[in-house]
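Please walk through this structure with me, beginning at the ligand sites and moving on to the packing of the protein around them.

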Amino acid sequence: MGETQKKTKILSIENLVIKFKLRGQVLTAIRDISLDLYKGESLAIVGESGSGKSVLVKSIMGLLDKNGYIDQGKILYNDNDLAHFSTEKDWLKIRGKEIAMVTQDPMTSLNPLKTIGKQIEEAVVLHQGLTGKDAYEKVLQLLRDVGIHDVEKRYKQYPHEFSGGMRQRIVIAIAIACNPKVLICDEPTTALDVTIQAQILQLLKNLQEKYLLTTIYITHDLGVVAKVADRIAVMYAGDIIEYGKTDEIFFNAKHPYTWALISSLPQLGVKGQELYSIKGTPPNLFKEIQGDAFAPRNPYALKIDFVERPPYFKLSETHFAKTWLLHPNAPTVEPPETLKKFFEEGREYANG
Amino acid sequence: MQMADREVLVEVKNLNVTFGKGKNAFEAIKDVSFEIYKGETFGLVGESGSGKTTIGRAIMRINEVTGGQILFKGKPINGKISKDWDREITQKIQMIFQDPMASLNERAKVDYIISEGLVNTKKFSNEIERQEKVRNALLQVGLLPEFASRFPHEFSGGQRQRIGIARALVMEPEFIIADEPISALDVSIRAQVLNLLSKLQHENNLTYLFIAHDLSIVRFITDRTAVIYKGNIVELAETEKLFSNPIHPYTRALMSAVPEPNPHNERSKKVEIYDPTQHNYEANPPSFVELEEGHFVLANEEEIARYRETQKMGVTS
Ligand SMILES: Nc1ncnc2c1ncn2[C@@H]1O[C@H](COP(=O)(O)OP(=O)(O)OP(=O)(O)O)[C@@H](O)[C@H]1O
Ligand SMILES: Nc1ncnc2c1ncn2[C@@H]1O[C@H](COP(=O)(O)OP(=O)(O)OP(=O)(O)O)[C@@H](O)[C@H]1O
Ligand SMILES: [Mg+2]
Ligand SMILES: [Mg+2]
């Protein structure tokens, strides 16, 4: 996808802060995030469980839980600030039609009392203007596209009659049926075997190319990221601590959290031995975070990391990381050996 | 390894699970047999919809068994069984469910969810001990003890999945069916949970049935692996053997599609496609044969001969 900076912005998040009220306490889930999304690109968001990935994308769709709210910031899309949308009527202009989402829990976004055929058909009728036989045929086609067999029979079945991965694919079919401009996929292939996964990712890629669809993938599977992403944003404790083009993150990551994340891959482990995992627990989001949120778990942390929140340091036109280690006065720190090897091998492939 | 000498903990014999009746009957599990040894991690992999969860749920006695038998420690667990035996297996066999949200009681706080099983089986002597168990269970899976007072929908996907893991571990079971237990976790917490599972295995001789789509994890953690395709096991072997020498064309296709964390390899990769019509099973039906010690493949005579031939040629070490 090359020069992202020359592309048109389709969505802009500016200084977003999202909080949740919980029985008298306030939890800050998103801590001042800014992010641009470019038309036709595919952005992967990776990061720790609980770091705010789902909350971030749910806010773009107006799907925050009732106890959650946008405290500050803007979400700009087509001259609208979605952060100020308040009514369902506002959101219906965006949801599905402009931006569609495959949520992390497929079961919760399917209606258990309706056949899956009817559920997909509703989206086809509403967003593609098809009716009757045409709509029905379109539904069967979508089912085939996501790798479901015996489509006529499956059309008439209810969600509980499907396996976990099949349900996930139904949700993908519904999202695609909307013909959106931006498609958000929150863990779209976690429940899929590798062959179906490859098929789904290819399907999404084709749509991306054919309709210049913009996609956001949230996934823990760095193999999937390697396959689909043009750019990667890495989240930790409600913040994007590093972002860059896919190669830049895979082979030249700079934030110690990103290092730790890649080091935990089973591919870098030795069978029978412990896998590398980050020690300690993520910060308590009820409390105000001082400095770099990762500092208490970061073996490379400097004194300043505990005091002052690092700004973005620029590594290239496209690659930025929030760590004081990149300050000109900071001591030089190398990533751990196994990781250095992984980076080098990766770069060799890239050049060879 | 003398597998014949090892103690069998779970035995699945000619299992059949059929959903629906008459014209609508659907045979999700056809005729599946395998044994799980005490203390091992047995992997189950295969296509989405192939029947992995159904097998797990049959062992949990959630899905009715239409044919065949399931034995735990040599004793049947399905059909009519005594109250004591029922109570024992309810505690000793636990499952980590694939869909965390659907399997957690939405109206209950985490504290209740995690200790429900403890309460039912009276596995603690006083309130302090119960709280301590909940606290430990949360910490073990990387969650803060304060989370105990929250409701499931107030968590992220991966946090919910870990509540499901904590709930199973707190029961101190002997056998755990882990159905995609770490799919929603970032790689670091995955590593933490995998390390925890193998630590418990070493300390308490725990046994796992491990269902996962991420083959890099299956390769890392399991001792033996079975590959299932449309309700039939098509190949079963020691994990390293299976990965280094996959024989059945479906297994081969599966292996070729494993995503790698490298953008260049990943984009230039060639994936093998499995064509189930390649077998001539009408004329020459298959059986489950042991090609080499402990390595079983579903194949007919003609295929066995061919696999044996390529095996011989392929011997490198
Ligand atoms: N309704 C809610 N009430 C209170 N806290 C919430 C609520 N929803 C989410 N949170 C908290 O907000 C934080 C971010 O959650 P989010 O679901 O965005 O995480 P995530 O990055 O998607 O994680 P995962 O990878 O596990 O899905 C978490 O700490 C979570 O506990
Ligand atoms: N309650 C049910 N009624 C009817 N059919 C069912 C039921 N439960 C499962 N099935 C069917 O049985 C087959 C096997 O489903 P199962 O959930 O075991 O698959 P799986 O291997 O776990 O797949 P996945 O990897 O997608 O979770 C599927 O075709 C599914 O549609
Ligand atoms: Mg999430
Ligand atoms: Mg399943």
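A residue is taken to be near a molecule if one of its heavy atoms lies within 4 Å of it. The model under discussion is predicted, and all that follows is to be read with that in mind.

With that cut-off, 22 residues surround ligand 2, and the closest are Glu161(A), Ser163(A), Gly49(B), Thr53(B) and Thr54(B). Because residues from chains A and B surround ligand 2, the site is shared between chains. Helix 7 (164-177) of chain A, strand 2 (26-37) of chain B and helix 1 of chain B each supply at least two residues of this shell. Sorted by class, the shell around ligand 2 has six nonpolar, twelve polar and four charged residues.

Several polar contacts can be followed atom by atom in this site. An N or O atom in the side chain of Ser48(B) is 2.7 Å from an oxygen atom of ligand 2, while a polar backbone atom of Lys52(B) is 2.8 Å from an oxygen atom of ligand 2. A polar side-chain atom of His213(B) lies 3.0 Å from an oxygen atom of ligand 2. Of the 640 Å² of accessible area that ligand 2 has on its own, the protein covers 89%.

Thr53(B), one of the closest residues to ligand 2, also has a part in a metal site. The protein donors of the magnesium ion (ligand 4) are Thr53(B), through OG1, and Gln98(B), through OE1, and they lie 1.9 to 2.2 Å from the ion. This pair links distant parts of the chain, with Thr53(B) in helix 1 (residues 52-59) of chain B and Gln98(B) in the loop between strand 6 (93-96) and helix 3 (100-103) of chain B, 45 residues apart. With a relative accessible area of 24%, Thr53(B) is partly exposed, whereas Gln98(B), at 18%, is buried; the two fall into separate classes because buried means under 20% relative accessible area.

Ligand 1 can be read in a similar way. Of the 25 residues around ligand 1, Ser49(A), Gly50(A), Asp65(A), Ser156(B) and Gly158(B) come nearest. Residues from chains A and B surround ligand 1, and the site is therefore shared between chains. Strand 1 (9-22), strand 2 (25-38) and helix 1 (53-61) of chain A, along with helix 6 (157-169) of chain B, each supply at least two residues of the shell, which divides into seven nonpolar, 13 polar and five charged residues.

Among the polar contacts of ligand 1, a backbone N or O atom of Gly52(A) lies 2.9 Å from an oxygen atom of the ligand. An N or O atom in the side chain of Gln104(A) is 2.9 Å from an oxygen atom of ligand 1, and for the side chain of Gln159(B) the separation between such an atom and a ligand 1 oxygen is 2.8 Å. The protein covers 97% of the 640 Å² of accessible area that ligand 1 has on its own.

Gln104(A) reappears at the magnesium ion (ligand 3), whose protein donors are Ser54(A) (OG) and Gln104(A) (OE1), lying 2.0 to 2.3 Å from it. Here too the pair links distant parts of the chain, since Ser54(A) is in helix 1 of chain A and Gln104(A) in the loop between strand 6 (99-102) and helix 3 (106-109) of chain A, 50 residues apart. Both Ser54(A) and Gln104(A) are buried.

The discussion now turns to aromatic packing. The structure holds 19 aromatic pairs over all chains. In one of them, the rings of Tyr257(A) and Phe294(A) have their centres 5.3 Å apart and their planes at 75°, so the pair is edge-to-face. Tyr257(A) lies in helix 11 (residues 256-263) of chain A and Phe294(A) in the loop between helix 11 and strand 11 (313-314) of chain A, so the pair ties together parts that are 37 residues apart in sequence. Tyr257(A) counts as buried at 0% relative accessibility, and Phe294(A) is buried with a relative accessible area of 1%. Phe72(B) and Phe175(B) form a tilted aromatic pair, 6.5 Å centre to centre with 35° between the planes.

Technical notes: Residues numbered from 1 in each chain as written. Chains lettered and ligands numbered in written order. Predicted model: local features only at pLDDT ≥ 70, side-chain atom pairs only at ≥ 80, totals over all residues. Heavy atoms only, no water. Donors = N, O, S within 2.8 Å, 3.2 Å for Na, K, Ca; no water. Helix = DSSP H or I, 4+ residues; strand = E, 2+ residues; numbered from the N terminus. Buried < 20%, exposed > 50% of the residue type's maximum accessible area, 1.4 Å probe, protein only. Polar contact = N/O pair within 3.5 Å; in protein donor to acceptor, adjacent residues only side chain to side chain. Areas by Shrake-Rupley, 256 points an atom, 1.4 Å probe, with all protein chains shown as cover. Nonpolar A, V, L, I, M, F, W, Y, C, P; charged D, E, K, R; others polar. Phe/Tyr/Trp six-rings, centres within 6.5 Å; stacked < 30°, edge-to-face > 60°.
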